[in-house]
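Q: I have a structure open and would like to go through it with you. Could we start with the cysteines?

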Amino acid sequence: MEEEGSSSGADDCLKLLRGERDEQRLAGLLLVTKFCNKDDHTAILKVYDAVGPQFLHRLLRTGTGKRSDGGGDNRDTYLQLSITVLAAFCRVPQIAASEDMVTKIPLIIETMSRETGSPIIQECYEFLFLVSTANEEGVKTLYKSGGLNVLASQMMILPDGSHMIEHAMRLVQIIVIKLPSERVYSEHPTDLSMVVAAVAKQFALLQNALKFEALHLLSAILSNGYSAHVYDALRLMENDVWSTNMRIGIVAILQNRVAPSHKLQALVLAECVISIVGEGWLIGEINLTDSEDSLPADRCIVLVLESSRVEIAVLLNDLAYLKYEASMASSNREDILVKQRNLGVAFSLVEKIIKLISSFGGEESTINAVISESTFTKIISGLNETIVVVLDYLRDTKKHGQMKGDDLLAAVRLIGSYLAEAPDASKDKVTELLGYMLSIEGEDELRPFYSICFLLPMLCQITLKTGGCKILASSGAFREVVGCLISLIDQNNYTSEDNGSIFLACDTILNLLLKREQIKFPSDDPSFIRLLVALSHWAEGTDDASIIMMASSIRSLILDLTSEEALLNHPDFTSGNIGSLSKIIGRSFAMCGQDLISDDAKAEVDLFQIITSAYSSWADRFPRIRQTVETAGPFPFRHIS
């Protein structure tokens, strides 16, 4: 209320608002906007107190057709007036937080679902946002009233960059942050996927502060621990425009000068998108909104790699300081956990880039058809440099005697992924740290397991050569591989991924045993006796020729290191195990004798050659096994070409 005339007019309005008849109050509301400053909260409170919540509720119900008289021809006018006034009142936090306003949310939601495209929609969004931010009951009521469904259905058609899309995004963020994730994500995966698609469009198009709000919301939805159903819903969408929009938005963030926290969140979002659509998303056309020219298709993979490399270098340096130099206060512990989580995201992205590059099969022509030669060279160079940085971090943790930590395990996983494709990379450092890497445990592990699994592809590669076998034998690291294989077999419910790890471990051990005469090998190591027993469990009860032949070939080579008498005197071996050994080896002979191995199964034929060659060497030292094998059925001692 400003000038004297205005004051007089406002007083007249207040008299009307306090009138006994609804017609007086309605006239007062129509006049009050001329005299009341929307930023004058004191004046707004006076008006609200004068008109009273009951009249406002009747007016809204009349406008929505909930009253018996229906509002007649003026229903639209009543609806427009009631929502405009309600939104204006709610600019005062005290009013917005009131129970009276919370109870109106269901009617507002219903109005929005019916009045799509109406001018009042903007004020409906404003009302919902103001009430939901002022009162937690408002958020709960918004959700219970089907608010998320209405928001999801409308967001794609709201004007780009408008106040409505801004309010809609903030309302979804309030729901996602303040309500229990297990409920929201399980009840509304399709709605949330529609929100992701709509917000991804804003993320790609906008070049203002709302772009960062879109980034925060997308990250919040997709990086939630309960978002698996949302991922599934996004995969079922008819087109992948949303993922293209994500790539455009992420590239814009990563290639511009923005706060480090925004770049990190863009990497989190990139990791989520790749988890949904695959590594191929890293390469694709990019048409930025502020440029007529499109960027090269390989720009995204370069930016993601470079940004991830920067994060890795910074985070590893910070972690080393916090762990070994700073005081171990509780605040430091929290800081370490946050940095470890962020490091996991950067590691994961680099791993996905390694996987994508390896999928090209090493064919230069195939690679260059997708990315330029200069980009490929830059990627390989960047990966090499990052692996060196990670190895240096592990060398530092080794010096400090640290053997346990999820960050260490993640570092080993990254190194294992790269060395599986480039086993000779950083050879000296890898040789120096191999034993240490194989002994690293995750926070929840009681003994090393995952670190060994991560390194198996590389170990399988390097043991193809005598030099690699010598490294494993001289360091004693082969025992870790044997122990890992026994653990995998003992699980007895392994997945297809575990089955792949089993065969990698078997190939590694097989390579070692085949080169036993060329390397210094402890032939009496007790771990091999335990492996004999475990291989029996693996091969029993299966007709899979590859399992039977692999188990028999390793056992045959181990038996060549000992004798029946020594075996029976070993504390980890019993006479019953002799029967198992005989049975599995006998089955391998029977398979070849009955031509149960296909002609094109070259690997299995090669394994049978190993079995027969080893058997010829040790058969006289194992009379019980020999008797069982040679009386069990076909016994094909023949040359297999």
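Q: This is a predicted model, so which cysteine sulfur is closest to that of Cys506, and why is there no bond?
A: The closest cysteine sulfur belongs to Cys460, and it is 9.9 Å from the sulfur of Cys506, which is too far for a bond. A disulfide requires the two sulfur atoms to be within 2.5 Å.

Q: How many disulfides does the structure hold?
A: It holds zero disulfides.

Q: Is Cys506 buried or exposed?
A: Cys506 is buried, because its relative accessible area is 0%.

Q: And Cys124, buried or exposed?
A: Cys124 is likewise counted as buried, with a relative accessibility of 0%.

Q: Let us turn to the overall fold. How many helices and strands are there?
A: The protein has 34 helices and zero strands.

Q: What percentage of the residues is buried?
A: Of its 641 residues, 53% count as buried.

Q: What share of the contacts comes from residues 24 or more positions apart?
A: Such residues make up 73% of the contacts with a separation of 6 or more.

Q: How many residues are in the largest nonpolar core, and which have the most contacts inside it?
A: The largest nonpolar core has 211 residues. Those with the most contacts inside it are Ile221, Leu222, Met246, Leu394, Leu459, Leu531 and Ile554.

Q: Which helix gives the largest share of this core?
A: Helix H19, residues 299-324, gives the largest share, with twelve residues.

Q: Take Leu531 from that list. What is it in contact with, leaving aside neighbours within four places in sequence?
A: Leu531 is in contact with Val482, Leu485, Ile486, Ile509, Ile554 and Ile558. Ile554 is thus among its contacts, and Ile554 is also one of the core residues with the most contacts.

Q: Leu394 was on the list too. Which residues are buried in its helix, H22?
A: The buried residues of H22 are Thr375, Ile379, Gly382, Leu383, Thr386, Ile387, Val390, Leu391, Tyr393, Leu394 and Thr397.

Q: Why might buried positions recur three or four places apart in a helix?
A: An α-helix has 3.6 residues a turn, so residues three or four places apart point the same way.

Q: How far does H22 reach, and what span is expected?
A: H22 covers residues 373-399, 27 residues, and reaches 39 Å from its first C-alpha to its last. That is close to the 39 Å expected at 1.5 Å a residue.

Q: What phi does Gly401 take, just after H22?
A: Gly401 takes a positive phi of about 70°.

Q: New topic: how many aromatic pairs are there?
A: The structure holds seven aromatic pairs. One of them joins Phe503 and Trp538, and it is edge-to-face, with 5.3 Å centre to centre and 65° between the planes.

Q: Which helices do Phe503 and Trp538 lie in?
A: Phe503 lies in helix H28 (residues 496-514) and Trp538 in helix H29 (residues 526-539), so the pair ties together parts that are 35 residues apart in sequence. Phe503 is partly exposed at 21% relative accessibility, whereas Trp538 is buried at 3%.

Q: Why is the pair of Trp618 and Phe622 edge-to-face?
A: The ring planes of Trp618 and Phe622 are at 80°, with the centres 5.3 Å apart, so the pair is edge-to-face. Trp618 is buried at 0% relative accessibility, and Phe622 is buried at 0% as well.

Q: Which residues form one aromatic cluster?
A: Phe449, Tyr450 and Phe454 form one.

Q: Where does the charged end of Lys211 sit?
A: The charged end of Lys211 sits over the ring of Phe203, 5.4 Å from the ring centre.

Q: Back to helices. Where is Met458, and what does it contact beyond four places in sequence?
A: Met458 is in helix H25, residues 450-462. It is buried at 1% relative accessibility and is in contact with Leu419, Ala420, Val430 and Leu434, leaving aside neighbours within four places in sequence.

Q: How far apart are the C-alpha atoms of Met458 and Pro423?
A: They are separated by 5.8 Å, although the two residues are 35 residues apart along the chain.

Q: Finally, what about Ile548: buried or exposed?
A: Ile548, in helix H30 (residues 545-559), is buried with a relative accessible area of 0%. Ile548 and Ile584 are 36 residues apart in sequence and 6.8 Å apart from C-alpha to C-alpha.

Key: Residues are numbered from 1 along each chain as its sequence is written. This is a predicted model: local features need pLDDT of at least 70, side-chain atom pairs count only at pLDDT 80 or more; totals for chains, interfaces and linings use all residues. Side-chain values use heavy atoms; hydrogens and water are left out. Buried means under 20% relative accessible area, exposed over 50%, partly exposed in between (1.4 Å probe, protein chains only). Helices (H or I, at least four residues) and strands (E, at least two) are DSSP runs, numbered from the N terminus. The expected span of a helix is 1.5 Å times one less than its number of residues. Rings of Phe, Tyr and Trp (its six-membered ring) pair if their centres lie within 6.5 Å; planes under 30 degrees apart count as stacked, over 60 as edge-to-face and the rest as tilted. A charge sits over a ring if NZ of Lys or CZ of Arg is within 6 Å of the ring centre and within 35 degrees of the ring normal. A nonpolar core is a set of buried Ala, Val, Leu, Ile, Met, Phe, Trp, Tyr and Cys residues joined through side-chain atoms within 4.5 Å. Contact means heavy atoms within 4.5 Å.
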